[in-house]
Amino acid sequence: MSQTTLDSDGNFATEAFQQQVRKFLNTTDVALKARELCRLDAYVEYLAQVEDPNDPAMMELWGSGLFEETIDILSTPMMDDMWGHVKLYRITLMILNDILLSPWIHNSQARALMKSRAAVILDEQGFVYGLPMGEESKPKFRELLLGLFGDLLTEFADDDLGDKLDGSVLLGLAFDYYFGITPPSQDDESAIGANIILLKYSRESFGGEPAPYLHDVLVQHGEKHIADRYIEIAENAGETQLLSSHSSWELLARLISAKPLQMRLLEDAKVHMSVMTNTWKEAYEDPDLSPKIARRVLIIITQMITEIEAPLRSSFVQDLVQTDLILLFGRALLAEQDIGHIRGIVKTLVTYCQLRSHAKSELARLEWIHVWRSLNSSRRSKTDTLQRRSLQAAMRFWLELGLEVLAITLDSYWTGSPNSSDFQACGWIKCPRFGDVWQSGQWDTPLLPSRCTACYRATYCSTVCQKL
């Protein structure tokens with residue numbers, strides 16, 4: 001901390017802090033006000049590290065008027081001296097971001113003030129972001145806004161703050177973050193903020209013409225730049241903080257609402273193939289999150305298929321079948337209303353498998369039983385009544401689908417399958433699951449085995465075992 005807020009022993013200096021805040025509050029010139037605020041940056045950096053709400057630095061904040069002044073600055077339209085205001089806004093955003101990282105965010109008065117002004121701050125600062133800035137200043141300004149509103153959407157999630165904010169402005173910031181001329185930074189706060197915004201406003205742009213935020217980046221940066229950038233970040237989704245696999249589907253769903261981007265992105269199968277691969281990886285790494293990921297991805301893809309032009313739709317479905325998309329159904333914890341939305345895509349995928357060839361028909365049957373096994377195992381492992389009810393509804397639908405589309409039932413499938421009593425959870429002899437077999441219609445292992453598509457007999461619990 002700077003000497004203006006430290007005493008000779010290196011502790012927080014109340015009197016020095018109050019004196020510096022008074023200088024800041026009493027300064028009316030915009031440029032000078034920015035300079036006086038800069039002299040408090042060491043204080044707020046210290047504040048962001050404070051864990052004790054009774055720390056003297058924390059106790060002094062409310063009575064000083066510093067917090068209220070930062071809110072007033074960000075929610076007040078600029079007058080003259082545009083460049084001075086832009087600099088003051090940027091510094092104030094930095095200060096506010098650090099304050100909100102501290103226990104101060106739990107102060108009831110601070111929360112009430114922040115919540116009441118959040119929409120106005122977004123409107124004013126969204127306007128400022130649209131003004132010409134230097135090549136270095138604009139990305140930094142954008143990332144400060146993403147960090148701030150990512151924190152606010154998380155902190156006020158139970159208060160429906162997101163419904164009071166302009167989602168198009170926030171999505172515009174997120175899209176410019178991913179597709180602007182300056183590549184997105186790996187800064188944790190801005191990346192997390194962009195992901196949160198994508199997920200919060202996940203229903204914004206399906207159907208009709210591309211939303212304004214997508215139109216703006218198309219005009220500014222061009223189709224090829226956006227497609228290339230998406231491919232680059234989607235292939236690494238889940239491995240960096242830029243995008244989770246969940247967010248990459250949200251982003252792809254928006255991009256394909258623009259027909260030129262639809263052509264560029266969906267003709268290249270490696271894009272959605274890699275996204276689906278990352279989705280599987282993320283789902284396996286976090287079993288608790290897996291049902292939510294599976295449910296949302298299925299709903300997104302259902303919406304995407306209605307959006308895709310007919311010539312591309314069949315090839316898109318074909319590519320997704322190759323990634324065993326249908327198995328997501330067995331992982332998703334679905335509400336009964338979800339099943340109606342997803343029924344169409346599942347029928348499309350199963351019918352596609354059935355009609356292509358005898359081999360595809362057999363593969364569809366194997367996938368069908370995999371999903372049934374997954375649903376059954378999940379139901380038996382759940383103790384929550386609502387979760388069990390959801391899975392039971394999904395199982396009823398799945399049995400109906402097997403009979404309607406594939407003309408199979410559990411009994412007829414296993415009776416007609418060769419060596420059904422020898423179906424193993426994993427066929428690699430050194431795997432600890434080797435030897436687990438099908439007994440009385442239930443797998444002994446809770447995992448989801450994969451069937452060899454060449455012989456349809458060997459089973460493996462993972463691609464690792466299959467390659468070995």
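This passage walks through the overall make-up, two helix pairs, the aromatic pairs and one buried threonine of a predicted model.

Starting with the broad picture, the protein has 468 residues, and 51% of them are buried. Its secondary structure comes to 24 helices and four strands. As for how the chain meets itself, take the contacts with a separation of 6 or more: 71% of them are between residues 24 or more positions apart.

Two helix pairs are worth a look. Near the start of the numbering, α1 (residues 14-26) packs with α2 (residues 30-38), their axes coming within 8 Å and crossing at roughly 160°. Since angles over 145 degrees count as roughly antiparallel, α1 is roughly antiparallel to α2. The crossing of this pair is left-handed. On the α1 side, the contact is made by Gln20, Lys23, Phe24 and Leu25, and α2 brings Lys33, Glu36 and Leu37. Two of these residues, Phe24 and Lys33, also turn up in a charge-over-ring arrangement: the charged end of Lys33 sits over the ring of Phe24, 4.5 Å from the ring centre.

The second pair is made up of α7 (residues 108-129) and α8 (residues 137-155), which pack at about 155° with axes 11 Å apart. That angle makes α7 roughly antiparallel to α8, and the crossing of α7 and α8 is left-handed. From α7, the contact takes in Arg111, Met114, Ala118, Ile121, Leu122, Gln125, Val128 and Tyr129. What α8 puts up against them is Lys138, Phe141, Arg142, Leu145, Phe149, Leu152 and Glu155. Here, too, a lysine is found over a ring, with Lys138 lying over the face of Tyr129 at 4.3 Å from the ring centre.

On to the aromatic residues. A pair of aromatic rings is described by how far apart the centres are and by the angle of the planes. The model has six aromatic pairs. One of them joins Phe17 and Tyr43, a tilted pair with 4.3 Å from centre to centre and 40° between the planes. This pair links distant parts of the chain, as Phe17 belongs to α1 and Tyr43 to α3 (residues 41-49), 26 residues apart. Phe17 has a relative accessible area of 0%, so Phe17 is buried. Tyr43 is buried as well, again with a relative accessible area of 0%.

Phe175 and Tyr213 form another tilted pair, with 5.0 Å between centres and 55° between planes. This one also ties together distant parts of the chain: Phe175 lies in α10 (residues 167-179) and Tyr213 in α12 (residues 212-221), 38 residues apart. Phe175 is buried because its relative accessible area is 0%. For Tyr213 the figure is 3%, so this tyrosine counts as buried too. Nor do these two rings stand alone, since ring pairs link Phe175, Tyr177, Tyr178, Phe179 and Tyr213 into a cluster.

Last comes a single residue, Thr92, placed in α6 (residues 82-100). Is Thr92 buried or exposed? Its relative accessibility is 0%, and buried means under 20%, so Thr92 counts as buried. Leaving aside residues up to four places away in sequence, Thr92 touches Leu37, Thr70, Ile73 and Leu74. Of these, Leu37 has already come up as one of the α2 residues in the contact with α1.

Definitions and conventions: Residues are numbered from 1 along each chain as its sequence is written. This is a predicted model: local features need pLDDT of at least 70, side-chain atom pairs count only at pLDDT 80 or more; totals for chains, interfaces and linings use all residues. Side-chain values use heavy atoms; hydrogens and water are left out. Buried means under 20% relative accessible area, exposed over 50%, partly exposed in between (1.4 Å probe, protein chains only). Contact means heavy atoms within 4.5 Å. Rings of Phe, Tyr and Trp (its six-membered ring) pair if their centres lie within 6.5 Å; planes under 30 degrees apart count as stacked, over 60 as edge-to-face and the rest as tilted. A charge sits over a ring if NZ of Lys or CZ of Arg is within 6 Å of the ring centre and within 35 degrees of the ring normal. Axes are lines fitted to C-alpha atoms, for helices over the stretch in contact, and angles run from 0 to 180 degrees between N-to-C directions. Angles under 35 degrees count as roughly parallel, over 145 as roughly antiparallel, 65 to 115 as roughly perpendicular and the rest as oblique. A crossing is left-handed if the near helix is turned anticlockwise from the far one by less than a right angle, and right-handed if clockwise.
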